[in-house]
Amino acid sequence: MARVDVIMPQMGESIAEGTVSRWLKKVGDSVKRDEPIFEISTDKVDAEIPSPSAGVLMEILVGDGQTVAVNTVVARLETDAAAAAAAPAAAPAPTPAKVEVAPSPVAASAAPATPVAPAAPAAPAAPAAPAAPAGSLEDRLRTKSSPLVRKIAAEHGVEIAALSGSGIAGRVTRKDLEAFLANRPAAGASMHAPAGTESHGPLPTPWAGDVVEPMSKMRRLTADHMAQARRVAAHVTTFWEIDLTRVARIRTAMRRDFEAQSGQKLTYMPFILQAVGAQLKRHPVLNAAVAGTDIIYRKQINLGIAVALEPTGLIVPVLKRADELSLTGLTRGVNDLAARARSKKLSPTDVQDATFTITNPGTFGSITGTPIIPVGTTAILCLGAIEKRPKVVTGPDGEDTIAIRTCCYFSLSFDHKVVDGADADRFMADLKKALESVSEASV
């Protein structure tokens with residue numbers, strides 16, 4: 001028989017493990033080479049993993065929701081036709097269960113159901129048992145962790161080797177470290193809090209009629225990242241209204257020819273990206289990163305663009321060297337990243353190395369927002385809904401009139417540790433000027 005192992009791939013240099021989100025094929029199914037057979041989640045990206053060979057899926061070794069080390073065999077394929085014909089019947093894969101809390105006996109006419117016990121609060125990572133010998137595989141895995149975990153630990157003065165983690169060989173994950181930090185008493189705080197009480201108070205418990213559902217892998221990762229990002233940056237937000245009437249007119253004038261020549265839909269976003277790239281060159285502290293007491297001024301301008309996923313979720317693919325792209329290049333790049341994000345075709349490099357981020361909740365009708373600054377950057381720009389508004393316009397003769405203008409609220413959240421309010425507002429003033437004075441020749 002010719003059997004082929006399917007392994008958990010390494011989706012990036014710092015990735016040591018991955019989670020099987022779900023199997024796209026079941027035992028006994030025929031698969032083609034490079035056909036997606038399962039989905040994985042890591043702390044970098046969600047992705048569909050293709051089959052390494054054509055054949056029949058004979059065995060699934062790692063079920064939905066399980067996390068294993070990279071290079072672990074997760075399934076086996078049979079490539080011999082005769083052996084494949086004897087494939088076992090498919091067995092249903094286990095999935096996380098939704099738990100519905102029984103209704104109150106007072107409201108129910110039937111016999112009362114047994115109530116669901118509330119989940120116990122997560123315990124903080126505890127100091128490790130006797131440390132593994134220095135230089136051992138276990139010791140290297142634990143202390144290696146990911147660059148982000150090491151950075152967080154350094155910022156909070158935590159020695160990773162002193163903790164026991166939930167990762168492979170006790171590797172400390174971001175979730176482990178954040179749980180430890182959340183439960184570590186602050187300086188001067190009481191050391192006599194009741195057992196099981198977290199720093200933010202007791203966990204909520206379900207009531208009668210509630211549904212309890214485990215977070216998805218992506219939701220857990222998003223929650224961890226947002227909590228961490230909120231902690232490390234001193235968030236301040238400035239709000240600006242920008243008149244996009246000139247952009248709207250230019251877009252209307254060139255839209256038909258542009259779309260015929262490029263095959264791409266022309267939106268407002270490429271105009272905004274082009275202006276942002278130009279202004280980040282003039283205001284480098286908005287395109288920087290904070291490393292302890294150092295500021296890293298990035299020469300590359302890599303724009304992260306938030307993409308909402310269905311039914312839920314968010315991912316931020318990155319348009320590399322955006323300042324070097326033409327309007328057509330920006331349009332192609334944005335559309336390609338968004339399409340691959342929604343079809344789970346992004347690679348790990350597609351979601352790494354953003355130097356500045358743009359989020360666009362205006363597509364859902366939101367007027368404005370105060371987004372959280374991604375870790376490793378100093379600012380994020382939020383675009384509200386683009387809509388027509390009555391505005392007071394001063395004519396050449398100094399007379400004021402009411403005119404209909406196409407406007408949008410822009411908000412910029414910035415890290416006040418390194419970006420002063422004057423820096424942020426100068427950037428926004430120049431961005432406003434650039435968009436309000438744009439010409440067809442300049443795009």
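Thr-238 is buried in this predicted model, with a relative accessibility of 12%. Because the cut-off for a buried residue is under 20% relative accessible area, Thr-238 at 12% falls in that class. The residue belongs to strand E11, which spans residues 235–243. Its side chain forms a polar contact of 2.8 Å with the side chain of Asp-425. Along the chain Thr-238 and Asp-425 are 187 residues apart, yet their C-alpha atoms are separated by 7.3 Å. When residues up to four places away in sequence are not counted, Thr-238 touches Phe-410, Ser-411, Leu-412, Phe-414, Ala-424, Asp-425 and Met-428.

Asp-425, the partner of Thr-238 in the polar contact, falls within the range of helix H9, residues 421–436. Helix H9 packs against helix H7 (residues 269–282) at an angle of about 135°, and the two axes are 9 Å apart. H7 is therefore oblique to H9. The crossing of this pair is right-handed. On the H7 side the contact is made by Phe-271, Ile-272, Ala-275, Val-276, Gln-279, Leu-280 and Arg-282. Helix H9 contributes Phe-427, Asp-430, Leu-431, Ala-434 and Leu-435.

A second helix pair consists of H4 (residues 174–183) and H5 (residues 217–232), whose axes come within 10 Å and cross at roughly 50°. With this angle, H4 is likewise oblique to H5. H4 passes H5 in a left-handed crossing, whereas the crossing of H7 and H9 is right-handed. From H4, the residues making the contact are Arg-174, Lys-175 and Glu-178. From H5, they are Arg-220, Leu-221, Asp-224, His-225, Gln-228 and Arg-231.

The loop between helix H8 (327–342) and strand E18 (356–359) contains Asp-350. At 13% relative accessibility, Asp-350 is buried. A polar atom of the Asp-350 side chain lies 2.9 Å from the backbone nitrogen of Ser-347. Leaving out residues up to four places away in sequence, Asp-350 touches Val-316, Pro-317, Val-318, Leu-337 and Arg-340. Two of these, Leu-337 and Arg-340, fall within the range given for H8, 327–342.

Two residues with positive phi are also found in the loop between H8 and E18, namely Lys-344 and Asp-353. Lys-344 is not a glycine, but its phi is about 60°. Its relative accessibility of 30% places Lys-344 in the partly exposed class. Asp-353, also a residue other than glycine, has a phi near 70°. Asp-353 is exposed, at a relative accessible area of 54%. Within this loop, then, Asp-350 is buried, Lys-344 is partly exposed and Asp-353 is exposed.

Another buried loop residue is Lys-25, with a relative accessible area of 19%. The cut-off for buried is under 20%, so Lys-25 at 19% is included. Lys-25 lies in the loop between strand E2 (17–23) and strand E3 (30–31). The side chains of Lys-25 and Glu-35 are joined by a polar contact of 2.7 Å. Setting aside neighbours within four places in sequence, Lys-25 is in contact with Ser-30, Val-31, Glu-35, Pro-36, Ile-37, Leu-57 and Ile-60. Among these, Ser-30 and Val-31 are the positions given for strand E3.

For the protein as a whole, nine helices and 21 strands are assigned. Of its 443 residues, 40% are buried. Among contacts with a separation of 6 or more, 65% are between residues 24 or more positions apart. The contact between Thr-238 and Asp-425, which are 187 residues apart along the chain, is one of this kind.

Confidence varies along the chain. The average pLDDT of the protein is 81, and 76% of the residues score at least 70. Over residues 89–142 the pLDDT is below 50, although this stretch has 73 contacts in the model beyond near neighbours in sequence. The pLDDT is also below 50 over residues 187–199, a stretch with ten contacts beyond near neighbours in sequence.

How values were computed: Residues are numbered from 1 along each chain as its sequence is written. This is a predicted model: local features need pLDDT of at least 70, side-chain atom pairs count only at pLDDT 80 or more; totals for chains, interfaces and linings use all residues. Side-chain values use heavy atoms; hydrogens and water are left out. Helices (H or I, at least four residues) and strands (E, at least two) are DSSP runs, numbered from the N terminus. Buried means under 20% relative accessible area, exposed over 50%, partly exposed in between (1.4 Å probe, protein chains only). A polar contact is a pair of N or O atoms within 3.5 Å; within protein, one must be able to donate a hydrogen and the other to accept it, and residues adjacent in sequence count only if both atoms are side-chain atoms. Contact means heavy atoms within 4.5 Å. pLDDT is the predictor's confidence in each residue, from 0 to 100. Axes are lines fitted to C-alpha atoms, for helices over the stretch in contact, and angles run from 0 to 180 degrees between N-to-C directions. Angles under 35 degrees count as roughly parallel, over 145 as roughly antiparallel, 65 to 115 as roughly perpendicular and the rest as oblique. A crossing is left-handed if the near helix is turned anticlockwise from the far one by less than a right angle, and right-handed if clockwise.
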